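Trainee: Please take me through one part of this model in detail. I would like a close look at the second helix and what surrounds that helix.

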Amino acid sequence: MLSIFSLQREEGTLTVQIKNRCSIVIKIILLAILIPCSLIPIFTIFVTASFGVLSFGVLFGAALFTAIFIYPFFKITVWQFYGQETFHIYKDKVTYEAYFKFLKTQFEIG
């Protein structure tokens, strides 16, 4: 994994930006795992619906599988593709922003 750092100083503010870069091999491996795992709940719902046994339990299980396994793995994959962190350091506070292309989080300390 390769990270690119940039440091900028403006009037009363110090900005540190860290961009995540990884190799094409890691990107291919992550996509090769993410895509089939994402299709498991969809495939399960279609198969159970075609046999006429689709129930709340199957839908709940598919939603639970997606929430526990696929969403965190999706975040890791998107982070490897587009991840970027930014710290803004002021005199009285520090703000942190994690940018995942589709997902964005912000925190403020101080």
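**Helix H2 and its surroundings**

Mentor: The largest nonpolar core consists of five residues, namely Val-78, Trp-79, Tyr-96, Ala-98 and Phe-100. At least two residues of this core come from helix H2 (56-82), and at least two from strand S4 (94-99). The model is a predicted one, and every value below is computed from it.

Start with the core residue Val-78. Setting aside residues up to four places away in sequence, Val-78 touches Gly-83, Phe-100, Lys-101 and Phe-102. Of these, Phe-100 is also listed in the core.

Next, the helix as a whole. H2 has 27 residues, which at 1.5 Å a residue should span 39 Å. The end C-alpha atoms of H2 are 36 Å apart, which agrees with that expectation. H2 bends by about 35 degrees at Thr-66. The buried residues of H2 are Ala-62, Ile-70, Thr-77, Val-78, Trp-79 and Gln-80. Their cover includes strand S2 (13-21), H1, strand S3 (84-89) and S4.

Thr-77 shows the H1 side of that cover. Thr-77 is located in helix H2 and has a relative accessible area of 3%, so Thr-77 is buried, the cut-off being under 20%. Apart from neighbours within four places in sequence, the contacts of Thr-77 are Leu-30, Leu-31 and Leu-34. Leu-30 and Leu-34 are themselves among the buried residues of H1, together with Pro-41 and Thr-48. The cover works in the other direction as well: what covers the buried residues of H1 includes H2.

H1 deserves a few words as a partner. Helix H1 covers residues 24-50, which makes 27 residues. From its first C-alpha to its last, H1 reaches 38 Å, close to the 39 Å expected at 1.5 Å a residue. H1 bends by about 30 degrees at Ile-40, and the proline Pro-41 follows within four residues. Pro-41 is one of the buried residues of H1. Just after H1, Gly-52 takes a positive phi of about 80 degrees.

Now the aromatic residues of H2. The structure holds four aromatic pairs. In one of them, the ring centres of Phe-56 and Phe-60 are 6.0 Å apart and the planes are at 25 degrees, so the pair is stacked, since planes under 30 degrees apart count as such. An α-helix has 3.6 residues a turn, so residues three or four places apart point the same way. Phe-56 and Phe-60 are four residues apart in helix H2, so about one helical turn separates them. Phe-56 has a relative accessible area of 66% and is exposed, whereas Phe-60, at 48%, is partly exposed.

Another pair is formed by Phe-81 and Tyr-82, with 6.1 Å from centre to centre and 40 degrees between the planes, and this pair is tilted. Phe-81 counts as partly exposed at 22% relative accessibility. Tyr-82 is also partly exposed, with a relative accessible area of 36%. Phe-81 has a charged partner: the charged end of Lys-27 sits over the Phe-81 ring, 5.2 Å from the ring centre.

A similar arrangement occurs with Lys-93, which lies over the face of Tyr-90 at 5.3 Å from the ring centre. Lys-93 is also in contact with Glu-108, as are Val-94 and Thr-95, leaving aside neighbours of Glu-108 within four places in sequence. Glu-108 belongs to strand S5 (residues 104-109) and counts as exposed at 54% relative accessibility.

Two separations give a sense of scale. Phe-60, in helix H2, and His-88 are 28 residues apart along the chain, and their C-alpha atoms are separated by 41 Å. Glu-108 and Ser-38 are 70 residues apart in sequence, with 34 Å between their C-alpha atoms.

To put H2 together: Val-78 and Trp-79 belong to the largest nonpolar core, Thr-77 contacts Leu-30, Leu-31 and Leu-34, and Phe-56 is exposed and stacked with Phe-60.

Methods:
Residues numbered from 1 in each chain as written. Predicted model: local features only at pLDDT ≥ 70, side-chain atom pairs only at ≥ 80, totals over all residues. Heavy atoms only, no water. Core = buried A, V, L, I, M, F, W, Y, C linked by side-chain atoms within 4.5 Å. Buried < 20%, exposed > 50% of the residue type's maximum accessible area, 1.4 Å probe, protein only. Contact = heavy atoms within 4.5 Å. Expected span 1.5 Å × (residues − 1). Bend = angle between axes of the 7 residues up to and from the residue. Phe/Tyr/Trp six-rings, centres within 6.5 Å; stacked < 30°, edge-to-face > 60°. Lys NZ or Arg CZ within 6 Å of the ring centre and 35° of its normal.
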